[in-house]
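Got the viewer open? Let's take a short walk through this model, one selection at a time.

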Amino acid sequence: MSDHVYKLVDLVGTSPNSIEDAINNAISRANETIRNLRWYEVTQIRGHVEGGRTDHYQVVLKAAFTLESAGKSAG
């Protein structure tokens, strides 16, 4: 395994359906603009309550991607 350097970014995913959907929404959206996503860590889970039930889920993630070498072209 080669040495990697990772950059961390904070993401917040939301979903009316589940915590898992909130995570997947955040990761799939970030993947549209960030290359080399490698892992994530859930740091917070919140929910909005309406009428005594969970109405919406919100998940805060730290997501990491590997940094590219200076010689590698962006593309």
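Start by selecting I19, which sits in helix α1 (residues 19-31); helices here are DSSP runs of H or I with at least four residues, strands are runs of E with at least two, and both are numbered from the N terminus. I19 is partly exposed, at 32% relative accessibility (buried is under 20% relative accessible area, exposed is over 50%, partly exposed is in between, with a 1.4 Å probe and protein chains only).

A word on what you're looking at: this is a predicted model, where local features need pLDDT of at least 70 and side-chain atom pairs count only at pLDDT 80 or more, while totals for chains, interfaces and linings use all residues. Residues are numbered from 1 along each chain as its sequence is written, and side-chain values use heavy atoms, leaving out hydrogens and water.

Keep I19 selected and add Y40, V42 and I45: together they make a nonpolar surface patch of about 330 Å². Such a patch takes nonpolar side chains (Val, Leu, Ile, Met, Phe, Trp, Tyr) joined within 5 Å, from residues with over 30% relative accessible area and no salt bridge (a Lys or Arg side-chain nitrogen within 4 Å of a carboxyl oxygen of Asp or Glu). Areas come from the Shrake-Rupley method with a 1.4 Å probe. Strand β2 gives the largest share of the patch, three residues.

Now colour by secondary structure. You should find one helix and three strands, in the order β-α-β-β along the sequence.

Next, pick out the strands. β2 and β3 run antiparallel and are paired over twelve bridges (pairing takes at least two DSSP bridges). They form a hairpin with two residues between them, and G51 in that turn has a positive phi of about 60°. Right there, E50 stands opposite R53 in β3. On to β1: ten bridges join β1 to β3 (residues 53-66), again antiparallel, and S15 has Y57 in β3 as its bridge partner.

Which aromatic pair should you select? Go for Y6 and W39, edge-to-face at 6.1 Å centre to centre with 65° between the planes. Ring centres must lie within 6.5 Å, using the six-membered ring for Trp; planes under 30 degrees apart are stacked, over 60 edge-to-face, the rest tilted. Y6 is in β1 (residues 6-15) and W39 in β2 (residues 37-50), 33 residues apart.

Finally, zoom out. The C-alpha trace spans about 55 × 20 × 15 Å along its principal axes, and 21% of the 75 residues count as buried.

Conventions:
Patch = residues over 30% accessible without salt bridge, like charges linked within 9 Å, V, L, I, M, F, W, Y side chains within 5 Å.
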